[in-house]
Amino acid sequence: MKVVTDNEYTYILFGKEAVDLYNVSLKLLLSSTSYVDYKVGAYNDVKRFMKEQKNWDDFVEIPENDYLYLRKHAFKSPLLDPTLTRTKKRFSLFDFFKPSS
């Protein structure tokens, strides 16, 4: 039996769509991250994992290098990067009600 120490982690990918894409290809998941809701996590505590698992519809264990790559990619995602601004303004009905200057 293997003895588990506190510094050993299990890496998990949460989200049904993300898991389906990951099972096909990591590159496919990375190209779809702006449209797919997912979360990656490192767990060494079963209680914390079970609590998080209740919030998601599916999960899969992934290797550490895929976890690091997904985590790094998530922080570079345009949806999560506040330094990137939209260049095109979206249409809004509220624009009609703004006072003209």
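Okay, let's start with one bit of vocabulary: two strands pair if DSSP finds at least two bridges between them. With that in hand, here's one position to look at: F14 stands opposite K39 in β2. We'll come back to that spot. One caveat up front, as always: what you see on the screen is a predicted model.

Quick overview, then. Four helices and three strands make up the secondary structure of the chain, and going along the sequence you read β-α-α-β-α-β-α. There are 101 residues, and 29% of them count as buried. The accessible surface is about 8400 Å², with 57% of that belonging to carbon and sulfur atoms. If you take contacts between residues at least 6 apart in sequence, 70% of them join residues at least 24 apart.

So how are the three strands ordered in the sheet? The order is β2-β1-β3, the sheet is open, and the pairing is antiparallel. That puts β2 and β3, residues 59-62, at the edges with a single partner strand each, so each has one side left without a neighbour in the sheet. On average, neighbouring strands here are turned by 30° against each other, ignoring direction.

Let me walk through the two pairings. Between β1, residues 10-14, and β2 there are five bridges, and the two strands run antiparallel. Y11, for example, has A42 as its bridge partner in β2. On the other pairing, β1 and β3 are joined antiparallel over four bridges. Here I12 finds its bridge partner in E61 of β3, and L13 stands opposite V60. Then back to F14: besides K39 in β2, F14 has a bridge partner in β3, namely F59.

What about burial? In β1, four of the five residues are buried, so the strand is largely enclosed by the rest of the structure. Now, β2 is an edge strand, and yet four of its five residues, 39-43, are buried, so β2 too is largely enclosed by the rest of the structure. For β3, the picture splits by face: V60 and I62 are on the covered one, F59 and E61 on the uncovered one. If you want the textbook reminder, side chains in a regular strand alternate between the two faces of the sheet.

Now, which helix packs on this sheet? That's α3, residues 46-53, which touches β1, β2 and β3. The direction of α3 makes about 165° with that of β2. One residue I'd point at in α3 is E52. Is E52 buried or exposed? Its relative accessible area is 16%, and the cut-off for buried is under 20%, so E52 counts as buried. Leaving out residues up to four places away in sequence, E52 touches F14, K39 and Y43. And yes, F14 and K39 are the two that stand opposite each other across β1 and β2.

Over to α1, residues 16-24. Its buried residues are A18, V19, L21 and Y22. Looking down the axis of α1, those fall within an arc of 165°, so they line one face of the helix. On the other side of α1 you have E17, N23 and V24, which are exposed. E17 comes out at 51% relative accessibility, just past the cut-off of over 50%, so E17 counts as exposed. There's also a pair you can find by eye: E17 and S32 are 15 residues apart in sequence, and their C-alpha atoms are 9.8 Å apart in space.

Last topic, confidence. The mean pLDDT of the chain is 77, and 65% of the residues score at least 70. Which elements come out lowest and highest? Helix α4, residues 64-76, has the lowest mean at 84, while β3 has the highest at 95. Where I'd slow down is residues 78-88: pLDDT stays under 50 there, and the model has four contacts for that stretch beyond four places in sequence. As a general point, where pLDDT is low, the predicted coordinates should not be read in detail.

To wrap up, then: an open antiparallel sheet in the order β2-β1-β3, α3 packed on that sheet, and α1 with its buried residues along one face. That's what I've got, thanks.

Terms used: Residues numbered from 1 in each chain as written. Predicted model: local features only at pLDDT ≥ 70, side-chain atom pairs only at ≥ 80, totals over all residues. Heavy atoms only, no water. Buried < 20%, exposed > 50% of the residue type's maximum accessible area, 1.4 Å probe, protein only. Contact = heavy atoms within 4.5 Å. Areas by Shrake-Rupley, 256 points an atom, 1.4 Å probe, with all protein chains shown as cover. Arc of directions from axis to C-beta. Axes fitted to C-alpha atoms, helices over the stretch in contact; angles between N-to-C directions. pLDDT = per-residue confidence, 0-100.
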